[in-house]
Amino acid sequence: MITLHGIPNCDTVKKARAWLDANGREHRFHDFKKQGVPEAELDAWLASAGWETLVNRKGTTWRKLDDATRAAVVDTASARRLLLDQPSLIKRPVVRWSDGALTVGFDAADWVSRR
């Protein structure tokens, strides 16, 4: 089963969910806002994708952080603490595919090969 992690009102998550539906890909949705960030999953994402990929430095949540907080994100441990505290900083969606592969973000062209 495909698990898509994200926030329901995120435009990219909406596009990803619509793509999965349109392509007949059964999936479950894990809402960071309601269900929180699963720590064990976050650890696996950090190990697989790396903290640099997971921290969304382009979003409004990042821009709202003070300079000292942004400057303190320098490694996996510091990123992990911040991502657990502020799930909106996780680049979305994070998808665990049926085969166990992990992707971060949405790119329809890349997802086509996951059929």
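**Exercise 1. Find the residue in β2 that is the bridge partner of Gly-6, then place that pair in its strands.**

Let's start with the pair itself: Gly-6 has Asp-31 of β2 as its bridge partner. Keep in mind that you're looking at a predicted model.

Step one: look for another pair. His-5 is matched with His-30 in β2.

Step two: zoom out to the strands. β1 covers residues 2–6, and five bridges tie it to β2. The two strands run parallel.

**Exercise 2. Work out how well β1 and β2 are covered.**

Step one: take β1. Five of its five residues are buried, so to speak of this strand as mostly covered is fair. The cut-off for "buried" is under 20% relative accessible area.

Step two: split β1 by face. Ile-2, Leu-4 and Gly-6 sit on one side, Thr-3 and His-5 sit on the other, and all of them are buried. Both faces of β1 are covered, then.

Step three: turn to β2, residues 27–31. Four of its five residues are buried, so the rest of the structure largely encloses this strand.

**Exercise 3. Decide whether Lys-64 is buried or exposed, and say which element holds it.**

Step one: find its element. Lys-64 belongs to helix α5, which takes in residues 60–64.

Step two: check its cover. The relative accessible area of Lys-64 is 72%, and the cut-off for "exposed" is over 50%. Lys-64 is therefore exposed.

Step three: try a distance. Thr-53 is 11 residues from Lys-64 along the chain, and their C-alpha atoms are 19 Å apart.

**Exercise 4. Describe the whole protein chain: which elements does it have, and how compact is it?**

Step one: count the elements. You'll find eight helices and four strands. Read from the N terminus, their order is β-α-β-α-α-α-α-α-α-β-β-α.

Step two: compare with the globule rule. For 115 residues the rule gives 13 Å, and the radius of gyration here is 14 Å, which is close, so the chain is as compact as a globular protein of that length.

Step three: get the dimensions. The C-alpha trace spans about 45 × 25 × 25 Å along its principal axes.

Step four: look at cover and contacts. Of the 115 residues, 40% are buried. Among contacts with a separation of 6 or more, 61% link residues 24 or more positions apart.

Step five: finish with the surface and the charges. The accessible surface is about 6400 Å², with 47% of it belonging to carbon and sulfur atoms. There are 19 positive and 15 negative side chains, and the centres of these two sets are 5 Å apart.

How values were computed: Residues are numbered from 1 along each chain as its sequence is written. This is a predicted model: local features need pLDDT of at least 70, side-chain atom pairs count only at pLDDT 80 or more; totals for chains, interfaces and linings use all residues. Side-chain values use heavy atoms; hydrogens and water are left out. The radius of gyration is taken over C-alpha atoms; the globule rule is 2.2 Å times the number of residues to the power 0.38. Buried means under 20% relative accessible area, exposed over 50%, partly exposed in between (1.4 Å probe, protein chains only). Contact means heavy atoms within 4.5 Å. Accessible areas come from the Shrake-Rupley method with a 1.4 Å probe; for residues, only the protein chains shown count as cover. Lys and Arg count as positive and Asp and Glu as negative; His and the chain ends are not counted. The place of a charge is taken as NZ of Lys, CZ of Arg, CG of Asp or CD of Glu. Two strands pair if DSSP finds at least two bridges between them.
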